[in-house]
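Here is a friendly walk through one chain and its partner. Have a look at the sequence and the structure first, then read on.

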Amino acid sequence: MDFLRPASWEEALAAKAEHPTAVPIAGGTDVMVEINFDHRRPEYLLDLNRVGDLYEWEVGEDRVRLGASVPYTRIMEDLRAELPALALASHTVASPQIRNRGSVGGNLGTASPAGDAHPALLAAGAEVEAESVRGSRRIPVDDFYTGVKRNALAPDELIRAVHVRRADGPQQYAKVGTRNAMVIAVCAFGLALHPATRTVRTGIGSAAPTPVRATVAEDFLNAALEEGGFWDDGQAVTPSVARRFAELCAAACDPIDDVRGTAGYRRHAVGVLARRTLNWAWEEYRGARRGTEGAA
Amino acid sequence: MRVHFTVNGRPQEADDVWEGESLLYVLRERLGLPGSKNACEQGECGSCTVRLDGVPVCACLVAAGQAEGREVVTVEGLAEYAGQRSGDGPPRAGGTHSQAGEDTRLAPVQQAFVDAGAVQCGFCTPGLLVAADELLERNPMPADADIREALSGNLCRCTGYEKIMDAVRLAAARQSEGT
Ligand SMILES: Cc1cc2nc3c(=O)[nH]c(=O)nc-3n(C[C@H](O)[C@H](O)[C@H](O)COP(=O)(O)OP(=O)(O)OC[C@H]3O[C@@H](n4cnc5c(N)ncnc54)[C@H](O)[C@@H]3O)c2cc1C
Ligand code: FES
Ligand code: FES
């Protein structure tokens, strides 16, 4: 095994081009487990810890450019207002020690259906900035997950950053597990209200071969909210609308039975999480509306 | 490969390190610092917790090469580290070297674990101490929820955690009294 230590992004890209089989290592919270248990013996490890740019983020007017290696702890503490769903999701990852090292870039690299960043990124709206010596491209996160633990990166590409849409309304993230800390999701759900475009977006984790959006449920809800004038008068979401939304979210799942839960349980739980997160987010939206009306 | 980094304030060098080796292995097997424990090697138990440039991490999940040029604090150096932080040096009861077995000084959080009876088999203790000490550095008056959160990555199979909670509360109280 060789340990490659690029000191800059350009050097990292050059190393990856020269050794496309090299395994990048950022926080190491996935890679080291595989090496410790002999599940993986890469020819080259490509250490990204010395590439400082990957630990930086920039808050733009309508997007946050999040460096690939920014650890979850920073997202939880410093980007709560801009990226609420991702901050909530980050807080559910493992433990403080893991959150101090683990990153969204690593979560995307692993592309596990259970990765907690994914539903939040899908709901918020995000693009993955992938780069190689051949050039740079932006991959919409919806197209990034291509199969169980597979992603759209080419062998010579690295993730440089994730561009996440800044929240323009309330966002929620909820996860089902057997305890609060150190739990891989049985299933998870991210939801973002986008009052600026009067749309709701979703992300489902651990209930299909890849993280997915519940697009049929979104279309139904968007139409129901628009037709009922809900965005304008800030009335509570009708229970029948919430129920139908939950059913359609459950129907968007394609889960399996495994040690963490059965397919049937997952489908049911996703419906429950969908209804709850919608109600939480919508109540926050109504509260904020009342607040601004009161001030006017 | 050869790896250089600072451990408990002293420059260290490890030779013939295998590229896939963890920082934990290097500390324990190459540098003679067995304080950080190896239990799960998968980030689940926290018994290998060390500070890497000040940040608590699982040493079993840091590749040795990633520690190159960085500062590591292990439980062996905790008394000295806590002493430097408080500015008045650690309480002295023995030698001055932070090597295994040579140092009998205790950090306040270590003394609190002893006094509160928070140590049974002791296997989880080094990791808990490093995590608890970092909490008290960051948050001198933690609420119970803060303590639980800070220690949520550390498993203990013996104590049922209540005595550990007592120990951290005790260390915080003593710290705020300045004793
Ligand atoms: C005890 C434990 C509990 C965990 N709990 C959770 C949990 O609750 N939720 C969750 O989502 N995950 C969990 N994980 C998994 C892991 O922490 C996350 O997937 C984390 O986001 C990985 O980030 P990392 O920086 O450590 O990645 P690494 O381990 O460094 O890398 C992961 C993968 O991404 C690739 N990669 C890393 N950076 C890049 C890049 N810039 N470009 C291209 N590829 C890259 C690597 O080659 C590797 O394939 C847990 C892990 C452990 C050990
Ligand atoms: S040995 Fe590192 S977390 Fe268990
Ligand atoms: S005292 Fe035995 S594991 Fe904690």
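## Contacts along the chain

In chain B, 55% of the contacts between residues at least 6 apart in sequence join residues at least 24 apart. Keep in mind as you read that this is a predicted model.

## Fold and dimensions

Chain B contains 6 helices and 5 strands. Following the sequence, you will meet them in the pattern β-β-α-β-β-β-α-α-α-α-α.

What about the overall dimensions? Along the principal axes, the C-alpha atoms of chain B fill a box of roughly 45 × 35 × 25 Å. The radius of gyration of chain B is 16 Å, which agrees with the value near 16 Å for a compact globule of 179 residues.

## Burial, surface and charge

Of the 179 residues in chain B, 53% are buried. The accessible surface of chain B is about 7,700 Å², and carbon and sulfur atoms account for 49% of that.

Chain B carries 16 positive and 26 negative charges, and the mean positions of these two sets lie 4 Å apart.

## Meeting chain A

How many residues of chain B are in contact with chain A? There are 35 of them, and they touch 30 residues of chain A.

Together, chain B and chain A bury about 2,300 Å², with 56% of this area on carbon and sulfur atoms. On the chain B side, Glu19(B), Leu61(B) and Gln66(B) are worth finding in the viewer: they supply 25% of the area that chain B buries against chain A, more than any other three residues.

Technical notes. Residues numbered from 1 in each chain as written. Chains lettered and ligands numbered in written order. Predicted model: local features only at pLDDT ≥ 70, side-chain atom pairs only at ≥ 80, totals over all residues. Heavy atoms only, no water. Helix = DSSP H or I, 4+ residues; strand = E, 2+ residues; numbered from the N terminus. Rg over C-alpha atoms; globule rule 2.2 N^0.38 Å. Buried < 20%, exposed > 50% of the residue type's maximum accessible area, 1.4 Å probe, protein only. Contact = heavy atoms within 4.5 Å. Areas by Shrake-Rupley, 256 points an atom, 1.4 Å probe, with all protein chains shown as cover. Lys, Arg positive; Asp, Glu negative; His and termini not counted. Charge placed at Lys NZ, Arg CZ, Asp CG, Glu CD. Buried area = accessible area lost by both parts, 1.4 Å probe.
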